[in-house]
Amino acid sequence: MSSDFVNNTRSVPGGVRPGFTVWLTGLSGAGKTTLAEALTAALAAQGRRPEVLDGDVVRTHLSKGLGFSREDRDTNIRRIAFVSQLVTRQGGAVIVAAISPYRETRDAARALIGDFVEVYVACPLEELVRRDVKGLYAKALRGEIANFTGVSDPYEPPLRPEVTVHTDRESVAEGVAKVLACLQSRGYIDQVVRPPSGGSSHLAGAGGERGPAGAVPLSGSPNRHPAAHANGQARGSAGDGTPLPGPEGAALPTSAGAPGLWGHLGQPHGGRLTLRQAPAEEVAAWRARLERDALPRLSVSPREACDLELLGNGALSPLEGFLGPADYRAVVRDLRLAGGLLWPIPVVLGATESEAAGLREGQDVALISPHGVPLAVLHLREKYLAEPRSEALEVYRTTEDAHPGVAAVYARGPVLLGGRVTVLQAPARPASLRPYLLGPAQTRHEFATRGWRSVVAFQTRNPVHRAHEFLLKTALEGVDGLLLHPLVGETKSDDIPADVRLRCYEALLAEYFPAERVLLSALPAAMRYAGPREAIFHALMRKNYGCTHFIVGRDHAGVGDYYGTYDAQRIFEGFTEVELGIRPLFYEHTFYCTACAGMASAKTCPHGEEVHLTLSGTRVRELLRAGEPLPPEFTRPEVAAVLTGAARQPVMA
Ligand SMILES: [Zn+2]
């Protein structure tokens, strides 16, 4: 049953990466073959040797005699999919370059292969006509060629491809970098880097602008001789002027097979990102079923709604849904899923006894937000009883319901519902927040685009004062980039509102950090205040977002005095860096020291407390409410201005 959540065959620590198929679809001449060749070279530099299945080459060998009817085209694509599946299953890499015009057939290939990355090689028809030295598009447009895809035969572009490459305005190197970033974000390849200098050569449809090897780009045309493509898949050939990825190009993979400086750090937990957000078509189908009232409904708590959002965007990889009983007990007892993978916090869905009584295992259940919006569908697999007292004691180290995390465990229904989820939409968030809600695939893409190989994440639910700024800057000295990642999901009501905090961060970043070194994004997670266990949880989520380092301060994710000051740091000692996959950076309390005349910590300053500037949270709130300035050694004036403004709003009183 734990196989719902852990797939050990994909785990990376041993160095073995799963197989995958990159499926390039697009019109004739859009640049599929060119992209396939450059991608082959880039993957070869990583130690992967992909099989290239070109639609036309396959036609000559596997599918001789097939024509260009829909049925024959589908047969050709199904054969390609079958071979791809065999290679992928054995851990190989496959690149398919085929028009594959029909969505349904590509979706069937996706279902068959599983580890499938669809790349839409997009190019406007006018540009294709311009590139088309043989004039085939022109002929087709004059009605002289039947079954010419995109003109006299349909082409159904992908609705939700993993990657879209616009070959009329993106270079080959840019296209390769996008595909590599996607493969990396899904754990198929090692981390890749793309320095800011992009290649300039555009992805011309191979025809005309390339040497004789791939001279006829128009795959799928009934008029062309299939053999023309037979040598069109020269691997890593740079002789045709196509810029190859590498130091001079755009994509710079880590050296072949070698773990690289940061090795396993920053790979998705469990080996690859699991994004449970459904594609638009599927969402529409589920909504239609909901409108027919064909699904039982269950309301979820704000915390469960946050978990659904994180399951949707991959932040909780490799979880695919809410834990079943074996995983729940293993997590509570051992901080591990039943399959053994490190996992410190139970991600579960509670129901009352009467709610649970109305639901059958095997049923699909609509999960409804506190505002009445359907957020997801639970594919209910197991109903079981929670063990709230042992959960409280093991996870939160207390059974007192004064602890907000424990209170939430007790308030939850006594029955837990386990099973995969299909996420339909994220919970509503204030418009001011939405631009900050990048998912792991997006942050990984950002990091790759900026050429960051090492990224430190900082989790906070407080405004950033000088002490935090100091800590961020010292951490950033050792790595390429900083992900400032405030938590904006459900928190205690006395925490400062998310939009005020975000304005503080913006004010600080604008004046005191180099823009190209920092990404400000938000984590829509609910706080559990589980102290040490939550520190691990926060670290693993940041690993899924692509970070290699994670700052753990004193009393991380603590509340009241339930945890010792250093408990959240010490807990990391129980795990190896390989299983953590992200390096914790431990920090002391920091402050402004008048004797040092600068920021310092107990680690770096020999002076007594009497020369340290410290303000309690209570004193800060008093000053803000009175409209008095905060000392610039404590808070930057730009941040203080935001806080003072907010403190005068009634909501902050
Ligand atoms: Zn000092």
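Reader: Which residue in β16 is the bridge partner of Leu484?

Author: In this predicted model, Leu484 has Leu520 of β16 as its bridge partner. That pair belongs to a set of three bridges that join β15 to strand β16 (residues 518-520), and the two strands run parallel.

Reader: Which strand is joined to β15 by six bridges?

Author: Strand β14 (residues 455-460) is joined to β15 by six bridges, again in the parallel sense, and within this pairing Val455 stands opposite Gly481 in β15. If you follow the chain, β14, helix α16 (residues 466-476) and β15 together make a right-handed β-α-β unit.

Reader: How many of the residues of β15 are buried?

Author: Strand β15 (residues 481-486) is mostly covered, with six of its six residues buried. To read a strand, look at its two faces in turn: on one side of β15 you find Gly481, Leu483 and His485, on the other Leu482, Leu484 and Pro486, and all of these are buried.

Reader: What covers the buried residues of α17?

Author: The cover includes α16, β15, β16 and α22 (637-647). The buried residues of α17 are Ala498, Arg501, Leu502, Arg503, Cys504, Tyr505, Ala507, Leu508 and Leu509.

Reader: What span should helix α17 have?

Author: A helix can be checked by its rise, and because each residue should add 1.5 Å, the 15 residues of helix α17 (residues 498-512) should span 21 Å, which agrees with end C-alpha atoms that are 21 Å apart.

Reader: In what order do the strands of the open three-stranded sheet stand?

Author: The order is β20-β19-β21, with antiparallel pairing. Because β20 (598-601) and β21 (612-613) each have a single partner strand, they stand at the edges, and one side of each is left without a neighbour in the sheet. Strand β19 (residues 590-593) pairs with β20 over four bridges, and Phe591 stands opposite Ala600 in β20. Helix α16, which you met in the β-α-β unit, also lies across β19 and β20, running at about 110° to β19.

Reader: Which residues have the most contacts inside the largest nonpolar core?

Author: The general idea is that, in soluble globular proteins, nonpolar side chains tend to be buried together. Here the largest nonpolar core has 170 residues, and those with the most contacts inside it are Leu24, Leu39, Val176 and Leu367. Helix α7 (residues 172-185) gives the most to this core, with nine residues. Leaving aside neighbours within four places in sequence, the residues in contact with Leu24 include Leu35, Ile95, Val119 and Val121, and Lys32 is also among them.

Definitions and conventions. Residues are numbered from 1 along each chain as its sequence is written. This is a predicted model: local features need pLDDT of at least 70, side-chain atom pairs count only at pLDDT 80 or more; totals for chains, interfaces and linings use all residues. A nonpolar core is a set of buried Ala, Val, Leu, Ile, Met, Phe, Trp, Tyr and Cys residues joined through C-beta atoms within 7 Å. A residue is buried if 20 or more other C-beta atoms lie within 10 Å of its own, exposed if 12 or fewer, and partly exposed in between; C-beta atoms are placed from the backbone. Two residues are in contact if their C-beta atoms, placed from the backbone, lie within 7 Å. Two strands pair if DSSP finds at least two bridges between them. A crossover is right-handed if, with the strands pointing away from the viewer, the path from the first strand over the helix to the second runs clockwise. The expected span of a helix is 1.5 Å times one less than its number of residues. Axes are lines fitted to C-alpha atoms, for helices over the stretch in contact, and angles run from 0 to 180 degrees between N-to-C directions.
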